[in-house]
Amino acid sequence: MNNKTLPNGDEPEGDWESPTNQIEFIEQSRHDHKYSKGVSKLFDFALSYMADAEKGNQNGKPAVWSTGLMEAPLIYACDIVPMAVYDLGRLGSAEGAAQLSEDLFDMPKETCSMVSALLGEWYQRRNNSVKKVVALSTVCEPLNMAYEMIREFGFDIHRVDQVIKPIQGGEERLEQMIQYLTRELADVAVFLTGKPLDEAKMAVEIKRMNRLMAKFREIIKLRVANPLYIKSLPMLFLLMGSGHYFGKPEAYEVLLDELIDELKNAEYVPSPLGKIVPLTWVGARGLEFGVYKAVDDLGGALLSWFTPNPYDRIWREDIPPLEAMARFILEYFVTGSPVNQIKYIEKMIEDSGSKGMFFYTYVGCPYGGLHVELFRDYFHKKGIPSSGLEGSWQVGAPSGQLITRVRAFIEMLS
């Protein structure tokens with residue numbers, strides 16, 4: 001069976017061998033998943049997400065820029081749609097936007113490619129898009145700088161002083177920081193709506209988040225037995241949607257149910273090369289979709305993902321909702337030392353039976369690079385093979401060097 005054969009034996013129509021941009025990769029993947037109505041719906045959600053949120057904002061359904069990682073319960077409780085900063089440009093003109101940043105802001109080429117691209121995207125949207133931004137301070141220092149730079153274009157920035165879990169000071173110090181962060185989060189609701197948070201609504205949204213993440217974990221578990229029924233690229237988009245639901249919470253939950261039902265009843269999809277190498281992805285959610293295609297084509301299967309969407313953790317429902325969010329953040333992936341996150345990666349590797357790991361960072365991101373080096377050193381000593389991938393925030397096909405690294409690593413593990 002070649003890499004274009006569908007489970008029903010059909011061959012996808014058209015030439016899907018060499019996509020050159022994100023949309024072509026998505027359409028190729030849609031054809032490769034012709035048997036799955038759920039995957040097709042997922043791509044529809046992804047392609048319409050930003051446009052629908054911007055149109056809704058113009059028509060009276062407010063939206064706000066945020067990270068799109070774990071703020072959904074708070075923002076939806078305010079009857080506002082979150083627009084994920086990290087998904088801006090994922091399907092747009094990111095390559096041109098990065099060049100625009102270099103020209104307009106004299107951004108050095110060595111600057112994190114993500115930050116350069118986001119600045120360009122916001123500049124292009126300065127007159128016709130959402131202007132409110134909720135900025136979490138500990139996510140990325142270069143991004144903090146970018147937030148300040150877009151103020152001059154009329155963007156209204158609200159900063160959340162997102163504290164980091166203390167190493168020293170014991171439980172008393174931790175409780176002080178939880179209460180401080182709780183107050184910071186309460187201010188977000190006032191910024192968005194002009195009034196205090198409706199905590200009952202947020203409690204409902206926390207229940208929704210926990211319910212959806214349980215369904216996402218079920219999909220992860222079902223894929224272990226049939227890894228290539230839902231391949232790597234749609235899994236990336238499912239992961240992205242777990243932080244913001246593509247602005248359509250109810251429809252996203254229906255989609256998860258549909259995919260669970262498909263996986264439970266699906267025929268087994270064999271690898272194009274007759275073997276499957278289970279893998280874990282650690283780090284950023286890359287934009288170079290060709291990397292994911294290469295993994296699938298070479299018989300790899302990304303069965304677990306340790307990225308800024310922590311689907312493996314649960315929000316507390318037995319305490320006030322803002323405190324639950326504060327406690328969740330203090331154990332969250334992007335805050336504090338990565339050393340504290342190693343146990344979660346180890347569990348993912350064990351649960352998925354992964355034979356190796358990909359560590360992915362963006363060019364020019366010292367923050368991500370530092371985390372990856374700490375992870376790699378630890379797992380190297382544990383005897384778990386890994387490969388580092390450094391990609392760019394751009395919309396074309398990945399570099400040949402990147403694909404060569406993917407190929408060599410999977411062949412080594414085969």
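Visitor: Is D79 buried, exposed or partly exposed?
Guide: In this predicted model, D79 has a relative accessible area of 38%. Buried would require under 20% and exposed over 50%. Because 38% falls in between, D79 is partly exposed.

Visitor: Where is D79 placed, and what is the value of its phi?
Guide: D79 sits in the loop between α3 (72-77) and β2 (81-84). Although D79 is not a glycine, its phi is positive, at about 60 degrees.

Visitor: Is Y245 buried or exposed, and which loop holds it?
Guide: Phi of Y245 is also given as positive, near 60 degrees, in a residue other than glycine. The relative accessibility of Y245 is 0%, and the cut-off for a buried residue is under 20%, so Y245 is buried. Its place is the loop between α9 (232-241) and α10 (249-265).

Visitor: Which residue of β6 is the bridge partner of T280?
Guide: Strand β5 covers residues 277-283 and pairs with β6 in the parallel sense, over six bridges. Strand β6 covers residues 300-306. In β6, the bridge partner of T280 is S304.

Visitor: What is the handedness of the crossover from β5 to β6?
Guide: After β5, the chain passes through helix α11, residues 289-297, and then reaches β6. This β-α-β crossover is right-handed.

Visitor: How many residues are buried in α11, and how many in β6?
Guide: Helix α11 is mostly covered, and its buried residues include F289, Y292 and V295. Its count is eight of nine residues. Strand β6 is mostly covered as well, with a count of seven of seven.

Visitor: Which residue just after α11 has a positive phi?
Guide: The helix α11 ends at residue 297. Just after α11, a positive phi of about 90 degrees is found at G299.

Visitor: Which backbone oxygen lies 2.7 Å from a polar atom of the T182 side chain?
Guide: T182 belongs to helix α7, residues 170-193. With a relative accessible area of 15%, T182 is under the 20% cut-off and therefore buried. The backbone oxygen at 2.7 Å from a polar atom of its side chain is that of I178.

Visitor: What is the area of the nonpolar surface patch that includes L370?
Guide: L370 is found in helix α14, residues 366-381. Its relative accessible area is 53%, over the 50% cut-off, so L370 is exposed. Together with V339 and L374, L370 makes a nonpolar surface patch of about 270 Å².

Key. Residues numbered from 1 in each chain as written. Predicted model: local features only at pLDDT ≥ 70, side-chain atom pairs only at ≥ 80, totals over all residues. Heavy atoms only, no water. Buried < 20%, exposed > 50% of the residue type's maximum accessible area, 1.4 Å probe, protein only. Helix = DSSP H or I, 4+ residues; strand = E, 2+ residues; numbered from the N terminus. Pairing = 2+ DSSP bridges. Right-handed = clockwise from strand over helix to strand, strands pointing away. Patch = residues over 30% accessible without salt bridge, like charges linked within 9 Å, V, L, I, M, F, W, Y side chains within 5 Å. Areas by Shrake-Rupley, 256 points an atom, 1.4 Å probe, with all protein chains shown as cover. Salt bridge = Lys/Arg side-chain N within 4 Å of Asp/Glu carboxyl O. Polar contact = N/O pair within 3.5 Å; in protein donor to acceptor, adjacent residues only side chain to side chain.
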